[in-house]
Amino acid sequence: MRIVLVVLGLYVAARIVRAAPNVMWVLTAVWCWCAALAGWTTEEITEGAPVENDAAPDSAAVRTLLVEVLGDRPAVHLSTVLKHLQEGGHHPGWTVTDLRVRLAALGIPHDRRVKVGRIPTWGVRRRDLEAPSPDDAPGPSPTSSTAA
């Protein structure tokens with residue numbers, strides 16, 4: 001069924017392009033814009049974003065908050081975390097995207113395929129929060145390597 005729909009869609013698109021060739025200019029512009037958006041990383045998008053306050057919470061405080069919101073569940077959606085924050089009077093204008101950007105900046109793992117109640121969306125898993133962070137990794141070894 002999917003193949004039939006794809007072939008039918010391509011046939012209709014070809015008929016439209018043959019009838020109005022100038023449509024290709026619009027399709028090319030849309031294609032380029034989508035390709036540019038897909039190629040940008042979170043760091044590039046937020047590079048010029050203003051910082052709301054200089055006293056941003058550290059990673060440990062945010063992890064503690066996330067564990068508190070998790071309760072006894074194995075995972076929680078970011079929309080639930082955002083609702084918890086906003087009920088406490090914090091960040092009333094934020095969206096889930098803003099929260100994702102902040103978590104990425106703090107190095108806190110989050111994923112778009114977290115299932116809670118059979119609904120997959122952006123969220124945080126307990127096992128990812130309890131994993132050791134790169135900040136906690138020990139420094140370089142005091143002994144030299146024997147590899148030659």
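V12 counts as partly exposed, because its relative accessibility is 41%, and a residue must be over 50% to be called exposed or under 20% to be called buried. Keep in mind as you look around that this is a predicted model. V12 is found in helix α1, which covers residues 2–19. V12 also belongs to a nonpolar patch on the surface, together with M1, L5, L8, Y11 and I16. The accessible area of this patch adds up to about 660 Å².

**The chain as a whole**

Let's step back and look at the full protein chain. How many helices and strands does the protein chain hold? There are seven helices and three strands. Reading from the N terminus, the elements follow the order α-α-α-α-β-α-α-β-β-α. The protein chain has 148 residues, and buried residues make up 17% of them. About 11600 Å² of the protein chain is exposed, and carbon and sulfur atoms supply 62% of that area.

You can also ask how contacts span the sequence. Take the contacts between residues at least 6 apart in sequence: 52% of these join residues at least 24 apart.

**The sheet**

The three strands form an open sheet, and their order in it is β1-β3-β2. The pairing is antiparallel. Which strands stand at the edges of the sheet? They are β1 (75–77) and β2, and each has a single partner strand, so one side of each is left without a neighbour in the sheet. From one strand to the next, the twist averages 70°.

Have a look at how β1 meets β3. These two strands run antiparallel and are joined by three bridges. To find one of the bridge partners yourself, start at V76: its partner in β3 is V124.

**The salt bridges**

Now for some charged side chains. Side chains of opposite charge can pair when their charged atoms come close. How many salt bridges does the structure hold? There are three salt bridges, listed here with the distance between the closest N and O atoms or from N to O.

| Salt bridge | Distance |
|---|---|
| R113 and D111 | 3.8 Å |
| D111 and R125 | 3.1 Å |
| R125 and D128 | 4.0 Å |

Begin with the pair D111 and R125, whose closest N and O atoms are 3.1 Å apart. D111 lies in strand β2 (residues 111–116) and R125 in strand β3 (residues 119–125), so this pair ties together parts that are 14 residues apart in sequence. Are D111 and R125 buried or exposed? Both are buried. D111 has a relative accessible area of 18%, and R125 has a relative accessibility of 15%; these values count as buried because the cut-off is under 20%.

The partners in the other two salt bridges sit in other classes. R113, which pairs with D111, is exposed, because its relative accessible area is 57%. D128 pairs with R125, and at 23% relative accessibility D128 counts as partly exposed.

Finally, put the pairs together. D111 takes part in a salt bridge with R113 and in one with R125, while R125 also meets D128. Through these shared partners, D111, R113, R125 and D128 are joined into one network. If you trace the network in the structure, you can go from R113 to D111, on to R125, and then to D128.

Methods:
Residues are numbered from 1 along each chain as its sequence is written. This is a predicted model: local features need pLDDT of at least 70, side-chain atom pairs count only at pLDDT 80 or more; totals for chains, interfaces and linings use all residues. Side-chain values use heavy atoms; hydrogens and water are left out. Patches are made of residues with over 30% relative accessible area and no salt bridge: like charges are joined within 9 Å, nonpolar side chains (Val, Leu, Ile, Met, Phe, Trp, Tyr) within 5 Å. Accessible areas come from the Shrake-Rupley method with a 1.4 Å probe; for residues, only the protein chains shown count as cover. A salt bridge is a side-chain nitrogen of Lys or Arg within 4 Å of a carboxyl oxygen of Asp or Glu. Helices (H or I, at least four residues) and strands (E, at least two) are DSSP runs, numbered from the N terminus. Buried means under 20% relative accessible area, exposed over 50%, partly exposed in between (1.4 Å probe, protein chains only). Contact means heavy atoms within 4.5 Å. Two strands pair if DSSP finds at least two bridges between them. Axes are lines fitted to C-alpha atoms, for helices over the stretch in contact, and angles run from 0 to 180 degrees between N-to-C directions.
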